[in-house]
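Please look through the sequence and the model below. The report that follows covers strands, domains and the ligand shell.

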Amino acid sequence: MGTKVKVGIIGLGFMGTTHYHIHQKLGKSEIIAVADVDEKKLNGDWSSVVGNIGDTDYSKPIDMSSIKTYTDAMDLINNREVEMVDICLPTHLHEKFVIAAIKKGKHVLCEKPVGRTLIEAKRITEEAERSNKFFMNGLCVRHWPEYRHAWELYKSGKLGKLISATFKRVSPSSHDNSWNDWFMNSDMSGGALLDLHLHDTDLVRYFFGRPSSVTSFGVGGFRSDKGIDHLFTNYDFNDGTLIMAEGGWDPAKNTPFEMSFQIVCEEGTIRLSETGYQIMYEDGKTEAPEPAKENLPTGWHVEIDYFISSILDEKQPDKYLTTAEMRDSIAIIEAEELSIKEKRTVKIEY
Ligand SMILES: NC(=O)c1ccc[n+]([C@@H]2O[C@H](COP(=O)([O-])OP(=O)(O)OC[C@H]3O[C@@H](n4cnc5c(N)ncnc54)[C@H](O)[C@@H]3O)[C@@H](O)[C@H]2O)c1
């Protein structure tokens, strides 16, 4: 292993180009190869990519002269020089390319969700567990500075017993330039339930462990073909706490993106909302920490920095997310889907 990890990115859409810029900015990796079915992107024309992390200008062509480009992602995986494959493909394609990359002995970072279904998630994570290289799923909200800070504070026990927790993630389905409009095809994306709400389901798992059952309500078929567009879930831990999450991509195009949470404990309340990130203690004291670091402003930066550093330090990247937890979150999502469909509380089979 050199001083920089040699990376190949598969899929140069919103996430692949975001990862590209983060790798460049962190300086711990070198992008030596990219793959995409869109030849314009391979030639450096990224002007069709919607959304970026603010400091990038896609109107100018990207210099691809030192990067190997492939229209067949298997050729990138077969490139012996690539040490880490960063998979940013539409969700239904994750399994095929993640398993191929793991089998070729690569370290693999794969965007969330780990797979389109629980069966796929199991096949992927079992393959990853057999590998002597590293695998991580990009559940970036676990790494988002405010969420990480809240997790550390909650887990420290300083706030005492949990009373209630609510998580919310609602945005328009702003995926105008996505590949073949795949987000609105629920066989490919899993609808807002899997694609968007997974982050909060996974946070419930991250903060509080495994719920025993879920009761969900949802509507679908408005934005996506037949997937869930908006839902509410109650997660039951059989301990008297109230834990809820709401997720949806049904609002009109210009509706602002909202991600928020509130965790109420006996000694204080942690809250992320439009008024910022705050901790209100029962004794009346309020704190407003700013946990984001200048060079690691988002969870995507923290996540990629953590994975690359794990490879360089030869340390298993399972401090914040295990393969078992990746499977659990998809199992909970599938229970939520069944609960909506059958209008009943569903016990979760892990
Ligand atoms: N972590 C997050 O916050 C976050 C946000 C958005 C999307 N995502 C996830 O990232 C993944 C990608 O989403 P996106 O928004 O970048 O999608 P996108 O549609 O913008 O990009 C997908 C890219 O893959 C390419 N592609 C399609 N089939 C291919 C193939 N067979 N071989 C090579 N390239 C191929 C397309 O040409 C396109 O450039 C999804 O799993 C999505 O759920 C995560």
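In which sense do strand E2 and E3 pair, and over how many bridges? The pairing is parallel, over three bridges, with E2 spanning residues 29-35. Alanine 33 has lysine 68 in E3 as its bridge partner. The model is predicted.

**The open sheet**

E2 and E3 belong to an open sheet of six strands. The order is E3-E2-E1-E4-E5-E6, with parallel pairing. E3 (68-70) and E6 (135-138) stand at the edges. Each of these two has a single partner strand, so one side of each lacks a neighbour in the sheet. On average, neighbouring strands here are turned by 20 degrees against each other, direction ignored.

Helix H4 (residues 94-103) lies across four strands of the sheet: E1 (5-10), E4 (84-87), E5 (107-111) and E6. The helix runs at about 165 degrees to E5.

**Two domains**

The protein chain is divided into domain 1 (5-138 + 309-315) and domain 2 (142-299 + 328-347). Their C-alpha centres lie 26 Å apart. Across the boundary, 15 residues of domain 1 are in contact with 15 residues of domain 2. On the domain 1 side, the touching residues are eight nonpolar, five polar and two charged by class.

**Antiparallel strands**

Antiparallel pairing appears further along the chain, with E11 (residues 258-265) paired to E7 (residues 162-170). E11 also runs antiparallel to E12 (residues 268-273). The table sets out both pairs.

| Pair | Sense | Bridges | Opposite residues |
|---|---|---|---|
| E7 and E11 | antiparallel | eight bridges | leucine 162 and cysteine 265 |
| E11 and E12 | antiparallel | five bridges | phenylalanine 261 and leucine 272 |

How many residues does the hairpin from E11 to E12 pass through? The connection takes two residues.

**The ligand shell**

Which residues come nearest to the ligand? They are Gly11, Gly13, Met15, Glu111 and Ser178, out of 26 residues around the ligand. Glu111 falls within E5 (107-111), one of the strands that H4 lies across. Helix H1 (residues 14-26) gives the largest share of the shell, three residues. By class, the shell has 14 nonpolar, six polar and six charged residues. Both domains take part: domain 1 and domain 2 each supply at least three residues to the shell.

How values were computed. Residues numbered from 1 in each chain as written. Predicted model: local features only at pLDDT ≥ 70, side-chain atom pairs only at ≥ 80, totals over all residues. Pairing = 2+ DSSP bridges. Axes fitted to C-alpha atoms, helices over the stretch in contact; angles between N-to-C directions. Contact = placed C-beta atoms within 7 Å. Near = placed C-beta within 6 Å. Nonpolar A, V, L, I, M, F, W, Y, C, P; charged D, E, K, R; others polar. Domains from an automatic or database assignment.
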